[in-house]
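Me: I'm new to reading protein structures. Could you walk me through this one with a few questions and answers?

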Amino acid sequence: MDSIVTDLVEVMKKETNFLARERAMMIFFTKLIATITQLAFQTLDKEICAQCKKEGFRVDRKSERTITFLFGPVTYVRRRMKNQANDIRYPLDEFLGIRKGLRYSSLVLRNVAQLGSNMVYRHVSQAIDCLTSWQMSHQNVQQLVVKTGEFIQARSTHESRYEGVIPKKKVPYLYLEGDGVKINGQKKQSLEVHRFQVCEGSQKVGNRSEMIAPHFVSHLNRQKAYKEMMAYLQAYYDLSHTVVISNSDGGSGYEKSVFDELALGCLRHEHFRDRYHVHRKIKERMAFVPQLQHRMIRAIEHYNWQAVQLVLDTSESLIEEKEAEALEHLRLLHHYLQRSWPYLKSLKARGIRDPKACIGTIESTHRKITYRMKRQGRLWTTTGAQAMIRVIDSLRNQELEGWLNQYEALPNDVVVQEKRWHAMKRWVQKKPRFQAHEGAFKGQIGEGKAKSAPLGQFAKGLNQLLMTPSYL
């Protein structure tokens, strides 16, 4: 301890200004922690490998590895172990949760992914440079976020993720919503994020309302998002005594029939048309009569079709003769309201009196994705967008740390498939064994034939064809 203090004092004396002195102190402590950690890893490696030897493993070789932890990079030597079945393990890496092919610890992955879900990658790189003793480029930040998203997806979408979930929850009401949001893709492509969410209601927390036990599922493929939500509902809820209340804008893929399938086995299903989209449609179609928009909204709230028709007739009477576009807008609004009318009836009118009712919130929950993925003209690849969506959803569902705490905890079928793939890859990359050969035999037609004869001309041509090149 005395030598450490002495060395620190010498480091502080060498610098002449406050900023340089504190920077030197930070570097000193980083090196000190790395040295102590390296010694601790050596002790851990011996203890863990001793336990693996009891399981039939033997030390195959030692190799060096450098991993960047949150406190700085550490270089250490660990043992590679193998058993009679040629299964290879790095016990120290397993104990530390350090995955194959990565140079960063699990906590770095977690923090970088969380920062990347809130700010652009260049800002994450700047934050790391400012607050730690090591650096990371924005390209590395992107790679880590993509790897984290792929890691989460591999585990969160496997069929076995819900095994052993008991008992199932029984709730009186369940609120289910779905919608899509457009984001810009690279090469002038447009990507659509398909989202489903479910909750048990809402409650007041201070001046704000929060959803109770929410779960979010998002994917660039609507069918996959639908299947994930279906698996979640069937795994966690017993719907036999539950009234499922669904809400959507009625777009393609979000019709009532889709939510009927998600609510399979429930006591009762009530579907609603999203109020935000209805009001927006009214304001778009009745832009030429803004004074009547509020009357139309009130008529729908009271679920009075006669009042709706009266507002439409009044709007038509205010149209001038040559305004064919306004007539078309009214016609389209009339058909839209007719199609949506069965789903515009209020909760109270349907006999649902839940003080925790939570409906029409999916537009506001888009913000986590739209704020990160739509602003400032950002363009996304399919891989990058899917990874970011996974990270955002896992953070909102409070599952990110759970997935990152699993070290290669894949189901057996995935492990077998990966081993088969690696074995095939090694076999293809092997060089074929060299086999000596005598070469091709040269054939010719025997002599004694006249060169002017047809057979002699054929023999001459054959000799020219089989002539060995001069460079061989």
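**Salt bridges and a domain contact**

Reply: Sure, let's start with one residue: Lys-82 is buried, at a relative accessible area of 16%, where buried means under 20% relative accessible area, exposed means over 50%, and partly exposed is in between (1.4 Å probe, protein chains only). A quick note: this is a predicted model, where local features need pLDDT of at least 70, side-chain atom pairs count only at pLDDT 80 or more, and totals for chains, interfaces and linings use all residues. Residues are numbered from 1 along each chain as its sequence is written, and side-chain values use heavy atoms, with hydrogens and water left out.

Me: Which strand is Lys-82 found in?

Reply: Strands (E, at least two residues) and helices (H or I, at least four) are DSSP runs, numbered from the N terminus. Lys-82 sits in strand 2, residues 72-82.

Me: Which residue forms a salt bridge with Asp-93?

Reply: Side chains of opposite charge can pair when their charged atoms come close. Here a salt bridge means a side-chain nitrogen of Lys or Arg within 4 Å of a carboxyl oxygen of Asp or Glu. Asp-93 lies in helix 3 (residues 91-96), and its partner is in strand 2, 15 residues apart. With the closest N and O atoms 3.0 Å apart, that partner is Arg-78.

Me: Is Arg-78 buried or exposed?

Reply: Asp-93, on the other end of the pair, has 2% relative accessibility, so it counts as buried. Arg-78 comes in at 7%, so it also counts as buried.

Me: How many salt bridges are there between domain 2 and domain 3?

Reply: The domain assignment, which is automatic or from a database, gives domain 2 as 110-158 + 381-421 and domain 3 as 170-274 + 360-380. Glu-228 and Arg-390 pair up with their closest N and O atoms 2.4 Å apart. Glu-228 is in helix 7 (residues 222-236) and Arg-390 is in helix 15, 162 residues apart along the chain. Between domain 2 and domain 3, the salt bridge count is 1.

Me: Which three residues supply 33% of the area that domain 2 buries against domain 3?

Reply: Buried area is the accessible area (1.4 Å probe) that two parts lose on being put together, summed over both. For domain 2 and domain 3 it comes to about 1,700 Å², with 56% of it on carbon and sulfur atoms. On the domain 2 side, the three residues that supply more than any other three are Thr-381, Ile-389 and Arg-396.
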